[in-house]
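User: Please go through this predicted model with me. I should like to know on what grounds each description of its packing rests.

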Amino acid sequence: MRENNMMIEFDSRSENEGFARVAVAAFVTLLNPTLEEIEDVKTAVSEAVTNSIIHGYGERVEKILLKAAIKENTIYLEITDYGCGIENIEKAMEPMYTTRPDLERSGMGFAFMEAFMDEIHIESEVNKGTTIYMNKKIMG
Amino acid sequence: MNQIFQIEGETLRIMVPKDLDHHNCISIREMADSIMMQENVREILFDFQNTEFMDSSGIGVIVGRYKNMKCLGGTVAAIHVNQRIKKIFLLSGLSKMIMIYEQEA
């Protein structure tokens, strides 16, 4: 398939979590994914967007930028917030680690992104924001 | 009390919505805890028959109820769990923590 790109920007409101994953699911459909592959991508998007809302912005309403690209048979995702950033990425990625146990966060967000996507890369700067890069080859 | 929360004897059945994400977890957590305070609940049963999507926020809300019930000497279980949700349960270790019923007793 030829390269194809999309980009959406939306408010960091929890009701947009569903919107973000459904938008990406519709886009990735162009690659004829299996149901399981769609669910994997939806879960990863949901985790990244939820992180931006809860941790990046601390539930303040700001903007989240979601970019998706299809190249060959692979879906590439970029999810960016301009929030507080992550001080210690290694720590943040540890399963069960959370800075918000008060909100009953399970600390499994990054573990799920890693489990459901092929690759994940995080760029973050304190007080500047965070971008999550993920990709997954769609076998169909 | 509404259709999402059903009291059956000492069991509180929570009809999990179509999507169990951070957005939907907030109200489930608050309602479940308030019902637990008012009623004599010994078991919380998460019923996934209408659920198509769940992410790690769902794990958080189930583990949270598990901790609360454990304090009260009660239990947490899940029922009507589809393959996808089962995968999430396995990956998170939740399947070792709570009972998963295949069908109604």
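User: Which strands does α1(A) lie across, and how does α1(A) run relative to β1(A)?
Analyst: Helix α1(A) lies across β1, β2 (63-71) and β3 (74-81) of chain A. Its direction is at about 175 degrees to that of β1(A). Angles run from 0 to 180 degrees between N-to-C directions, so a value of about 175 degrees falls close to the upper end of that range.

User: What makes α2(A) a helix that packs on the sheet?
Analyst: Helix α2(A) touches β2, β3 and β5 of chain A, and contact requires C-beta atoms within 7 Å. The direction of α2(A) makes about 10 degrees with that of β3(A).

User: How do you know that β4(A) and β5(A) pair?
Analyst: Pairing requires at least two bridges. Seven bridges join β4(A) to β5 (residues 129-137) of chain A, so the criterion is met; the two strands run antiparallel. A:Glu125 stands opposite A:Gly129 in β5(A).

User: Why are β1 and β4 of chain A said to stand at the edges?
Analyst: The order of the open five-stranded sheet is β1-β2-β3-β5-β4 (chain A). Each of β1 (4-11) and β4 (119-125) has a single partner strand, so one side of each lacks a neighbour in the sheet. From one strand to the next, the twist averages 10 degrees.

User: What describes the packing of α1(A) against α2(A)?
Analyst: The axes of α1 (residues 16-28) and α2 (residues 35-56) of chain A come within 9 Å and cross at roughly 145 degrees. The crossing is right-handed. Residues making the contact include A:Ala20 and A:Val24 of α1(A) and A:Val41 and A:Val45 of α2(A). By class, the contact has eight nonpolar, two polar and three charged residues.

Conventions:
Residues numbered from 1 in each chain as written. Chains lettered and ligands numbered in written order. Predicted model: local features only at pLDDT ≥ 70, side-chain atom pairs only at ≥ 80, totals over all residues. Helix = DSSP H or I, 4+ residues; strand = E, 2+ residues; numbered from the N terminus. Left-handed = near helix turned anticlockwise from the far one by under 90°. Contact = placed C-beta atoms within 7 Å. Nonpolar A, V, L, I, M, F, W, Y, C, P; charged D, E, K, R; others polar.
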